[in-house]
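Q: I'd like to learn how to read a few features in a fold. Could you walk me through them, one at a time?

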Amino acid sequence: MLRRLIRRRMQQEAGAGRHKDIRQMPGIGFRLYANGEAQLIEVERSSGDLDLDQAAVLAVVNAHPFPPFPPGTRDTHIDVHVEIPSLAR
């Protein structure tokens, strides 16, 4: 579900056709809290294109808040590592 939300935002941030020659999409990491808030968002693996990397970070920023953790979950947060899916269709 996180990937779907982030991919939707990524398409809006970067545009589906602008980065067709990118060989590697960025990897983004962030801490997700039980209330759905994302913090400490960073590029863990660059695509080699600064604009695309920034669009990936913005996609996470603009996709949150994410749904809260299910009731009864003991974790206060989890560290999430997302491989941004290709924008090509």
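A: Sure, let's start with the strands. β1 and β2 run antiparallel and are joined by five bridges. Keep in mind as we go that this is a predicted model.

Q: Which residue of β2 does Gly27 stand opposite?
A: Gly27 faces Arg45 in β2. As for the connection, the hairpin of β1 and β2 has four residues between the strands, and there Gly36 takes a positive phi near 95°.

Q: How many bridges link β1 and β3, and in what sense do they pair?
A: Seven bridges, in the antiparallel sense. To find your place in that pairing, take Ile28, which stands opposite Val82 in β3.

Q: With those partners, is β1 mostly covered or open?
A: Mostly covered: of its seven residues, five are buried.

Q: Now aromatic rings. What do I look at when two of them come together?
A: Two things describe such a pair: the distance of the centres and the angle of the planes. This structure holds one aromatic pair. The ring centres of Phe30 and Phe66 are 5.8 Å apart and the planes meet at 15°, so the pair counts as stacked; the cut-off for that is planes under 30 degrees apart. The pair links distant parts of the chain, with Phe30 in strand β1 (residues 27-33) and Phe66 in the loop between α2 and β3 (77-83), 36 residues apart.

Q: Are Phe30 and Phe66 buried or exposed?
A: Both Phe30 and Phe66 are buried.

Q: On to helices. Why do residues three or four places apart point the same way?
A: An α-helix has 3.6 residues a turn, so that spacing brings you back to the same direction. Now try α2, where Leu52, Asp53, Ala55, Ala56, Ala59, Val60 and Ala63 are buried. They cover an arc of only 160° around the axis, so they sit on the same side of α2.

Q: What span should the 14 residues of α2 have?
A: At 1.5 Å a residue, they should span 20 Å, and the end C-alpha atoms of α2 are 20 Å apart, which agrees.

Q: And what should I check at the start of α2?
A: Look at Asp49, which is found in the loop between β2 (38-45) and α2 (50-63). One of its side-chain oxygens reaches to within 2.9 Å of the backbone nitrogen of Asp51. Leu52 joins in too: its backbone nitrogen lies 3.0 Å from a polar atom of the Asp49 side chain.

Notes. Residues are numbered from 1 along each chain as its sequence is written. This is a predicted model: local features need pLDDT of at least 70, side-chain atom pairs count only at pLDDT 80 or more; totals for chains, interfaces and linings use all residues. Side-chain values use heavy atoms; hydrogens and water are left out. Helices (H or I, at least four residues) and strands (E, at least two) are DSSP runs, numbered from the N terminus. A polar contact is a pair of N or O atoms within 3.5 Å; within protein, one must be able to donate a hydrogen and the other to accept it, and residues adjacent in sequence count only if both atoms are side-chain atoms. The expected span of a helix is 1.5 Å times one less than its number of residues. Buried means under 20% relative accessible area, exposed over 50%, partly exposed in between (1.4 Å probe, protein chains only). The arc is that of the directions from the helix axis to the C-beta atoms. Rings of Phe, Tyr and Trp (its six-membered ring) pair if their centres lie within 6.5 Å; planes under 30 degrees apart count as stacked, over 60 as edge-to-face and the rest as tilted. Two strands pair if DSSP finds at least two bridges between them.
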